[in-house]
Each structure stands twice: as structure tokens, then as C-alpha cells.
Amino acid sequence: MGSSQKTLPGRNQSKPLGIKFMEYIKRSTLSYKTHQAIVLIVTFLAYASYHAARKTISVVQSSLDPQSEDLGLKFAPWRINYISKPAERRFSWVLGDGWAPFNGSDGTALLGELDVAFLAVYAMGMYFSGHLGDRMNLRIFLTVGMVGTGLFTCFFGVGYWANIHSFYYFLIIQMIAGLFQSTGWPSVVAVVGNWFGKKKRGLIMGIWNAHTSVGNITGSLLASALLSYGWGWSFVVPGLLIAFVGLVVFFFLPVSPDSVGVDKEEDEMDSPKKSGEGLSEPLLSSEKEVKEKAVGFIQAWKIPGVAPFALCLFFSKLVAYTFLYWLPFYISHTAIDGKYLSSETAGNLSTLFDVGGVLGGILAGHISDRLGARAITAASFMYCAIPALFFYRSYGHISLTFNIVFMFITGMFVNGPYALITTAVSADLGTHSSLQGNSRALATVTAIIDGTGSVGAAIGPLLTGYISAKSWSMVFTMLMGAALIAGLLLTRLVIAEVTAKIEESRLLGGSSATTTRSSSPEEEV
């Protein structure tokens, strides 16, 4: 039995320079708990910065494609900025009448094509990223992805100062940015999986997964605040931000306990398995790392539960990413209480959807932990998202209060299962018993599930770009249908979980009845 601060021989050279510096200042090795805290903080900041860079286009697109509407740029954070009555709308923008080629009659469709190009490459890259992530140093892999993402996010913004109006320039930039963005999710989930066991995984990852919403909120606020200085800044600043956080990852992220020579025994003593309950095993064990081979792509698909959850996420992300990319545009082009909001105000207001998503992710994780039923929780949230979407579309325009309340509730039910599936469910399946203890499957399984979901994320915004030109009601009908299908795809797993719960109740009931019968003779005596 060793201390958590025990250093394994020959591993110090693989420690990140930032960890070495911290240990030099402290003049002792960092504890296991300290490493866990560093992992949570660094990976949280890393993926929040990914989403901050990804979110900017949704705020800027209402300025690139104003559709000859009065969407002035009088920015005031969290202060609602009404422009005019619908009948009096005129577009007046300090940067000019939109930005060619997006200010034409097909501007909305072109923006939709940018979204689908980004997300299609992102989805394809996700499969390869998971495959590579299980075979490479995740710290280096993640750093390259973040710096590359920052570079090409900045290149998109450079189009403003360079006065570039070629659609293909922006298209290629978005596609390359999507490829670099695909490195993020499999990497951060795999790293967190290396450090945290199965105990309370749903709750821990539900809280940790707030990075998605925090990133969206940060990206929205940054892009909105910088629009008045020129839309290029709305891309350059988030791009520089993610590149900087990428350097933080390089200097401070410990990929696994084994890579920094930390003994895992402290963590194991805190687990239920150590106290004889047998409920948990380490998410990833480094003891067999030398002998293990990374799981193949086809083998990972065959893991029970991977396919239905991946397909469920396809439709779940279709809904979530439609909101991610189009919600600010929808708000700024919809009369609320008979008035329209500015682009900046719409971007700020849309962050409440992500605030609801934070709560939804935490609730879904906590509920699934308490019930021990991931599928039941995810399906229930997807079914609840259907009436939430209906009420937001039908009554969100009545007043600002109604809009905020229904947007918050919709965000909670839409992002709840999305967060649960991409974190706790992926981690569960990445350590499935069918893998026979092989720890090198988590990044691949995560990439399969999120990659499949990202295909839906690409299709949703693309369809919205075309359908919204005819009717936003048709868009919401599409989203409600997608939510319904997402829930139905988990039906077999839900039935299995319900059956298991019923059987468990019967066993507990039989056990208590036996105990009562065995104790009754003593009571009679």
C-alpha cells in the first residue's frame, strides 16, 4: 500500500512542464486528488474554449445576412435593446448592408451550407480522432487540435479586414476548422476517464459537462460585445482564446496517473469496490496499458448499447445544434411582444438556453445515478423536450418573460440527454464488461457516439437554413419529430432497464419476506 504521492520510477520525464514546475515550487510531488482537480479544470477550460470558438458564427450570421431588416448595433449586455415596430423595420449597420455573399437572397441558405460543411467534416474527423486518440499522447493531440482551431477561427475573421467576399474562402476555412475541432471531445472525455472511476459518474460528468454551455455563453457574449468594432473581432478574439488555452493544456494536462507516476491506490480506497460493495471499477486502469491493444472501430460498434445511444444522439444533437447555430438568428428575426431585438441583444438572450442546458445536464446525470438507469433518463428528457419546443414556438413571442422561461425549459430538456449521452453513457460503454478489462476503448467509443451525433448536428442546421425561409413553424415541427425519434430509439434499452428494476424489486421483496419469516418464531418465543 503506497501513498498517493508515491512516484513510479522512470515516469517523471513524461510529466508536463507545468506539473514539474508546480512540484518544484511545492518541493514535493502532487497528490492524486490535486491531479484530479487539475484535470477537471484544464479539460473544462479546454472544451469550453472549443465551444466559444464554435458559437461565434451563430451570433455573427444575423449581421452577415441582415435580410434588409433594422437590426442596429446598440450593444448593452443583458439590457434588452428594442429597435422598432415590425412595420417600420429598416436595416442600418455600421459595417454596411450585410456582407457579400451572405447578404443576397440566398444568404440564409449559404450560411446553412457553411454550418453543414463545418459539421460534416467535424463528424467525419471525430471517428478518426477517436481512433488516433487511443494511440497517441492525448496532451499533444489536444494541443495541436486547439491551436489549429484557433488559427482557422482567426482566418475566418481576417476575411473582414482583407475584404474577402468569396464564399469558397469561408467554406474551406470552416471545413478545416471543423477537422481541428473534432480532436476535442474524444480527447477530454478519455483524459477525464483516466482519472475518475465509475462512482457518481453521471453527477460528476453532468457538472463537468457544463463546459459546453459555459463555452456557448462565453462565445455569445464575446461575439456580441465585439460586433460593434467589426465582425472580424468576433472570430479573432475567441480564436486567440482557444489557442492560449491549448498552450495551458500542453503545459499542465496530466493524461493519466501512469503518465505522471502517481499511485492510484488512494482513489481505489475511496471507491465502493474497496469497501466490498463491488459497484465500481476504475474507468481506465493503467496496469495493463503495455499489453493492451486499442479496440477496433467495428469492435467498438458491437459493444451492447453503443448503436442505440449513438443513433439517439444523432437526433438529439440535430435539435441541440439547430439551437446552437440558429437561435440568435431566430430571436432577432422574430417579433417579441410586437418588437424586434438587435443582433447583440438576441445573442445575449440566447445564452439562457445554455443556462438551462447546464441545469439539465446536472439533473440528468444526478437522476440517472440515483435510478441507475441511463436510458430511462435520456428518453424521458427527450419526450419532455417535445412539449417544451411546442410552447416556445407557440407562446415565446407573446412577451419577453414567456420567451425567457420557455427558452430556459427547452434548453434544460434538450441539452440534458445530450450531455448525459456524450459523457457518462460514453464512459460506461467505453468500459463495458464485453471489453474484458481493456481500457483503451474510451476515446474510440466516445468518438463513435459523438461522431454519429455530429452527423445529425450537421443535418439540422442545414435543413433549418432552407426550411426557415418558408416557415419557422416547420423548423420546430422537424425538431419535435427528431426529439420523438431520439426517445423511441432507446425503447429497447428502456424496457431492459425497467425489467431489471422490476426483477430487482422482486428480489428485494423476497429477501425481506424471508427475513420476516425467519424472525417471527423468535418473536413468538
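Helices (H or I, at least four residues) and strands (E, at least two) are DSSP runs, numbered from the N terminus. Residues are numbered from 1 along each chain as its sequence is written. This is a predicted model, in which local features need pLDDT of at least 70 and side-chain atom pairs count only at pLDDT 80 or more, while totals for chains, interfaces and linings use all residues; side-chain values use heavy atoms, with hydrogens and water left out.

**Confidence**

The predictor's confidence in each residue is pLDDT, from 0 to 100. The chain averages 78, and 77% of the residues score at least 70. Helix α9 (residues 233–252) has the highest confidence in the chain, at a mean of 95, and helix α10 (residues 265–269) the lowest, at 45. Over residues 1–12 pLDDT stays under 50. Residues 435–439 also stay under 50.

**Buried positions and the core**

Alanine 52 has its place in helix α2 (residues 32–64). With a relative accessible area of 1%, alanine 52 is buried (buried means under 20% relative accessible area, exposed over 50%, partly exposed in between, with a 1.4 Å probe and protein chains only). Leaving aside neighbours within four places in sequence, alanine 52 is in contact (heavy atoms within 4.5 Å) with Gly215, Thr218, Gly219 and Pro238. Alanine 52 and histidine 211 are 159 residues apart in sequence, and their C-alpha atoms are 9.7 Å apart in space.

Serine 187, in helix α6 (residues 184–195), is buried at a relative accessible area of 0%. Beyond four places in sequence, serine 187 is in contact with Leu138, Phe141 and Leu142.

A nonpolar core is a set of buried Ala, Val, Leu, Ile, Met, Phe, Trp, Tyr and Cys residues joined through side-chain atoms within 4.5 Å. The largest one has 119 residues, of which Trp231, Phe323, Ile331 and Tyr392 touch the most other members. Helix α12 (residues 306–332) gives the largest share of this core, 17 residues. The contacts of phenylalanine 323 beyond four places in sequence include Tyr392, Phe476 and Leu479.

**Helix α18**

Phe476 and Leu479 are among the buried residues of α18. This helix covers residues 472–488; at 1.5 Å a residue its 17 residues should span 24 Å, and its end C-alpha atoms are 25 Å apart, which agrees. The expected span is 1.5 Å times one less than the number of residues. Serine 471 caps the N-terminal end of α18, with a side-chain oxygen 3.1 Å from the backbone nitrogen of serine 473. Gly487 is another buried residue of α18. The C-alpha atoms of glycine 487 and serine 380 are separated by 7.2 Å, although the two are 107 residues apart along the chain. Serine 380 is in helix α15 (residues 374–395) and is partly exposed at 35%.

**Cysteines and backbone exceptions**

The whole structure holds zero disulfides (pairs of cysteine sulfur atoms within 2.5 Å) by search. Cysteine 154 is buried, with a relative accessible area of 12%, and cysteine 312 is buried at 0%.

Most residues other than glycine have a negative phi, and most peptide bonds are trans. A cis peptide bond, with omega about 10°, joins alanine 100 and proline 101. Proline 101 is found in the loop between α2 and α3 (107–133). Two residues with positive phi are listed below.

| Residue | Phi | Loop | Relative accessibility |
|---|---|---|---|
| Arginine 27 | about 60° | between α1 (17–26) and α2 | 68%, exposed |
| Aspartate 337 | about 55° | between α12 and α13 (343–349) | 46%, partly exposed |

Note on methods:
Polar contact = N/O pair within 3.5 Å; in protein donor to acceptor, adjacent residues only side chain to side chain.
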